[in-house]
Amino acid sequence: MSAKQLPEGLHLDTLAVRAAVDKSQYGENSEALYLSSSFTQPDSETAARRFAGEEEGYIYSRFTNPTVASMEMRLAALEGTEACIAAASGMGAILLLCMGLLKAGDHVVCSRSVFGSTIKLIGSEFGKFGVESSFVSQTDLAEWRAAIRPNTRLLFAETPTNPLTEVCDIRALADIAHDAGALLAVDNCFCTPALQQPAQLGADIVVHSGTKYLDGQGRVIAGAVCASKALIRDKLIPVMRSAGITLSPFNAWVVLKGLETLGIRMEAQSLRALELARWLEEHPAVERVYYPGLASHPQHELAMRQQSGKGGAVVSFDVKGADPDTARRNAFQVIDSTQLLSITANLGDVKSIITQPASTSHGRLTEQQRLAAGIRQNLIRVAVGLEHLDDLKADLARGLDLL
């Protein structure tokens, strides 16, 4: 059936609900879920053209599926990029990106404050295949510049970082990358395009774990890379077609539905997170709070410019502890005293989540790597959901008031 063409200049909240592939002949209002591994072709010549990439058409769900394409189209529209390619997970998206762009002898400059698995993937796994890497301060532009080499191909940042919420200057990093003939990739997992659009600040590539806020309810594992059509067509689709780091149609459909409420969720969760961070700053058992929305955050002004004036929904804080063993024991006591918050290493759910990063998300790193990234034993991360704020405060107070 003929589809209405969306007008130009739509706001993000509208694109989050409307951007998708054309409806089928049945005129469904909610995007269809195409649970098919393959798609029939009208004749052999058409099949040959489509398999050769000479004609658009759905072929095989390892790399072409209309439900996945709807999710990709919607996320690209929200990020303001030409295209998007979905992957099986957030880490799968980073793997796809690195496999598509890097080869033996290439060099990557990466923030040392990114997610622990990202450090392991870039620093260890790709190191096996001859890709060199340097890890630098998230916030020190001089370190980024000094780390550039003639063979540098990619700069990789995550902003805000997991879990210390450090914020990098995206536009400045883009300038450093481009001056070196390299690309800048930004993991936008914490903010999502509802708060921040890295491509509009000069980033070449935007990476997502759709598992987090894009889905928003902790239901599926998903990832995506947003970039130019040329980069995705020439560099990433060939890898996806061969390697199959594929997002399933069902998971794509769940994320597609999650995107419809992304804006209102991020607004509500950010407001709760700000108030919780302010409360934690006043608690005598808390040494320090890490949250970009607080005036005490070192990159507060930059975060407010880049993140639509909001701090996001993740709050981390240090509890008191005179030594590492006491710090770990105190952190565990606060976490284990909760009766409401979920103890898990995920984030982005409407259910608030609490974890100790040193033993979970960053547990595979060495103690030296953790300390270099600022991850100490007394650090607790809370991903704020949609519960009533008073209930969240009361739940954290159960353990904090005992320290």
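At the start of helix 13, which backbone nitrogen does a side-chain oxygen of aspartate 323 reach? That oxygen comes to within 3.1 Å of the backbone nitrogen of aspartate 325.

The model is predicted, with local features requiring pLDDT of at least 70 and side-chain atom pairs counted only at pLDDT 80 or more, whereas totals for chains, interfaces and linings use all residues. Residues are numbered from 1 along each chain as its sequence is written, and side-chain values use heavy atoms, without hydrogens and water.

Helix 13 comprises residues 324-337 (helices are DSSP runs of H or I with at least four residues, and strands are runs of E with at least two, numbered from the N terminus). Its 14 residues reach 20 Å from the first C-alpha to the last, close to the 20 Å expected at 1.5 Å a residue, where the expected span is 1.5 Å times one less than the number of residues. Thr326, Ala327, Asn330, Ala331, Val334 and Ile335 are buried in this helix (buried means under 20% relative accessible area, exposed over 50%, with a 1.4 Å probe and protein chains only). These residues lie on the same side of helix 13 because they cover an arc of only 165° around the axis, taken from the directions from the helix axis to the C-beta atoms. On the other side, Asp325, Arg329 and Asp336 are exposed.

Glutamate 158 is found in strand 4 (residues 152-158). Glutamate 158 is buried yet has no salt bridge (a side-chain nitrogen of Lys or Arg within 4 Å of a carboxyl oxygen of Asp or Glu). The side chain of glutamate 158 reaches the backbone nitrogen of phenylalanine 115 at 3.1 Å.

Technical notes
Lys, Arg positive; Asp, Glu negative; His and termini not counted. Polar contact = N/O pair within 3.5 Å; in protein donor to acceptor, adjacent residues only side chain to side chain.
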